[in-house]
There are 4 protein chains.
Amino acid sequence: MPKINSYVDISTIDREAKKDFIDRHSPFISCESTAKAGQKFPVTVRVGNEYTHPDDPDHFIKSVSLYNGETLLAEANFTAGALGGQGQKGQAEVTFQIVPTGRKLRLSAIAYCTKHGLWEGTPVEVAVEE
Amino acid sequence: MPKINSYVDISTIDREAKKDFIDRHSPFISCESTAKAGQKFPVTVRVGNEYTHPDDPDHFIKSVSLYNGETLLAEANFTAGALGGQGQKGQAEVTFQIVPTGRKLRLSAIAYCTKHGLWEGTPVEVAVEE
Amino acid sequence: MPKINSYVDISTIDREAKKDFIDRHSPFISCESTAKAGQKFPVTVRVGNEYTHPDDPDHFIKSVSLYNGETLLAEANFTAGALGGQGQKGQAEVTFQIVPTGRKLRLSAIAYCTKHGLWEGTPVEVAVEE
Amino acid sequence: MPKINSYVDISTIDREAKKDFIDRHSPFISCESTAKAGQKFPVTVRVGNEYTHPDDPDHFIKSVSLYNGETLLAEANFTAGALGGQGQKGQAEVTFQIVPTGRKLRLSAIAYCTKHGLWEGTPVEVAVEE
């Protein structure tokens, strides 16, 4: 099994290079904290919060997967160059529209960097109202 | 080669069922008509404009691919159930953030329905300004 | 983070239903134990060893990913129906041809079931000879 | 819609560079000409028949999709480096095991090169026997 790196609150980390390394690889989920059952609900996943990641052919963010509990909801595959290309940096970002059912969403995201492997971010819970 | 169905302006079509069939399978690109080079530029692809598509396990919109000319920029894979599930209908939708380079984007999108195959929408040109 | 289920040697398990559940979801890697650097090397991943998995629209093996250490080598996406469809059972299987570099491959595989989530199998080491 | 390049029998082409260009990008399907209904049936797709393609980070074969008529059966995503990496050449290759139903398979494959876009090969028909 490949190692899955986990986001750690970078305010607890001293070394600048390490803050940058962790932040720029971690998928951050943003969405409202409550959703309406049966209505479109946008969920954005962005890789990197305060820092940016290279978009080089041999080093880029290749994919983001969004799960609800154990269930895959959607995934995005990115290509090198779509964030400016060689020498540029950016934050891979995608917004999915999902339609929640049930009482609660337990969202989590995984990103894959072609050099530094799999990264999981902080999960997010969303209350689903009738 | 699988057949690739092309969007046809549904206002030119008489039969309601055919309007619905074409519209609900076609990927519609929406974005600004001009972009700034080197800056994030959101591009939304939604499958279905006036009509909605089933989200049944054996019949759903599985993927959307976004191209710039011949180059794949990004693709999204959806799972059955993410738009409400069996018996529900909806419009698969994703927003990619890309960073344009060059003078022009020639965007096109392809959607795949698990029952009705590949569909291309109307291409969109975007002027890229310095 | 979605839970990742790990293969457990089913000979250590008493309950038949549990043996079946674990085996039919786990990706099994088969390949030679040594490879030649720079030459094609086939690696097969099959989901299920002694047991078979449903191929129903709402319950099938959707993907298999093959890693070398932390690096994704290749992935296969399957569609419901390709193993016989509703009411049938089978073992999702794919063979990738890779060309090894370095001294050693540390292969691992992850499978995704649309009902029972992510599963990792037993990793396999391959010596790479000049 | 991105252009989809079609394989042309390279024996009809004079210019060596063009033969190479067409051959190394085209997906070639190989399988038996008849299959047994309900039994595993291996289908290999290899990109390049007589020629090889670069495996550079900015220029490699990224994916192969296998269709039966209009229906996607399976797809493989490859990563740069899995065929030897920068400066090496090879043929992306994958073998899918499918279980045919119906009377006939009408197989076709599409490959995607990160520099030269989409390519379709010659379709293959397979008789399916009880």
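A74(A) stands opposite F78(B), a residue of β7(B), where strands are DSSP runs of E with at least two residues and helices are runs of H or I with at least four, both numbered from the N terminus. The structure is a predicted model, in which local features need pLDDT of at least 70 and side-chain atom pairs count only at pLDDT 80 or more, whereas totals for chains, interfaces and linings use all residues. Residues are numbered from 1 along each chain as its sequence is written, and chains are lettered from A, with ligands numbered from 1, in the order in which they are written.

The pair A74(A) and F78(B) belongs to an antiparallel pairing in which β7(A) is joined to β7 (residues 71-78) of chain B by five bridges, two strands being taken as paired if DSSP finds at least two bridges between them. Across the two chains, 22 residues of chain A are in contact with 22 residues of chain B, contact meaning that the C-beta atoms, placed from the backbone, lie within 7 Å. On the side of chain A that touches chain B, β7 (71-78) and β9 (93-98) of chain A each supply at least two residues, and β7(A) gives the most, with seven residues. By class, this side of chain A holds eleven nonpolar, nine polar and two charged residues; here Ala, Val, Leu, Ile, Met, Phe, Trp, Tyr, Cys and Pro count as nonpolar, Asp, Glu, Lys and Arg as charged, and the others, Gly among them, as polar.

Superposition of chain A on chain B gives an RMSD of 0.0 Å, by a turn of 180° and a shift of 0.0 Å along the axis, the fit being made by least squares on the C-alpha atoms of residues with pLDDT of at least 70 in both copies. The two copies are thus related as by a two-fold rotation axis. Because 100% of the interface residues of chain A are also interface residues in chain B, the copies meet through the same surface.

Chain A is also in contact with chain D, through five residues of chain A and five residues of chain D. The side of chain A that touches chain D comprises two nonpolar residues, two polar residues and one charged residue. Chain A can be laid on chain D, likewise by a turn of 180° and a shift of 0.0 Å along the axis, with an RMSD of 0.0 Å, and 100% of the contact residues of chain A recur in chain D, the same surface serving both copies.

Strand pairing also extends across chains in an open sheet of six strands, ordered β2(A)-β4(A)-β9(A)-β9(B)-β4(B)-β2(B), with antiparallel pairing. At its edges stand β2 (27-30) of chain A and β2 (27-30) of chain B, each with a single partner strand, so one side of each is left without a neighbour in the sheet. Neighbouring strands of this sheet are turned by 20° against each other on average, direction ignored, with axes fitted as lines to C-alpha atoms, for helices over the stretch in contact, and angles running from 0 to 180 degrees between N-to-C directions. Within chain B, six bridges join β4(B) to β9 (residues 93-98) in the antiparallel sense, and the bridge partner of V43(B) in β9(B) is F96(B).

A further open sheet of six strands has the order β2(C)-β4(C)-β9(C)-β9(D)-β4(D)-β2(D), again with antiparallel pairing. In chain D, β2(D) is joined to β4 (residues 41-47) by four antiparallel bridges; S30(D) stands opposite T44(D) in β4(D), while I29(D) has V45(D) as its bridge partner. On pairing with β9 (residues 93-98) of chain D, β4(D) forms six bridges in the antiparallel sense, and R46(D) stands opposite E93(D) in β9(D).

The largest nonpolar core has 128 residues, and those with the most contacts inside it are L66(A), L66(B), L66(C) and L66(D). Such a core is a set of buried Ala, Val, Leu, Ile, Met, Phe, Trp, Tyr and Cys residues joined through C-beta atoms within 7 Å; a residue is buried if 20 or more other C-beta atoms lie within 10 Å of its own, exposed if 12 or fewer, and partly exposed in between, with C-beta atoms placed from the backbone. Residues up to four places away in sequence left aside, L66(D) touches V43(D), V45(D), L73(D), A74(D), E75(D), F96(D), L107(D) and A109(D). In helix α1 (residues 16-25) of chain D, the buried residues are D23(D), R24(D) and H25(D), and the buried residues of α1(D) pack against β1 (4-6), β4, β5 (53-54), β10 (104-113) and β11 (117-120) of chain D.
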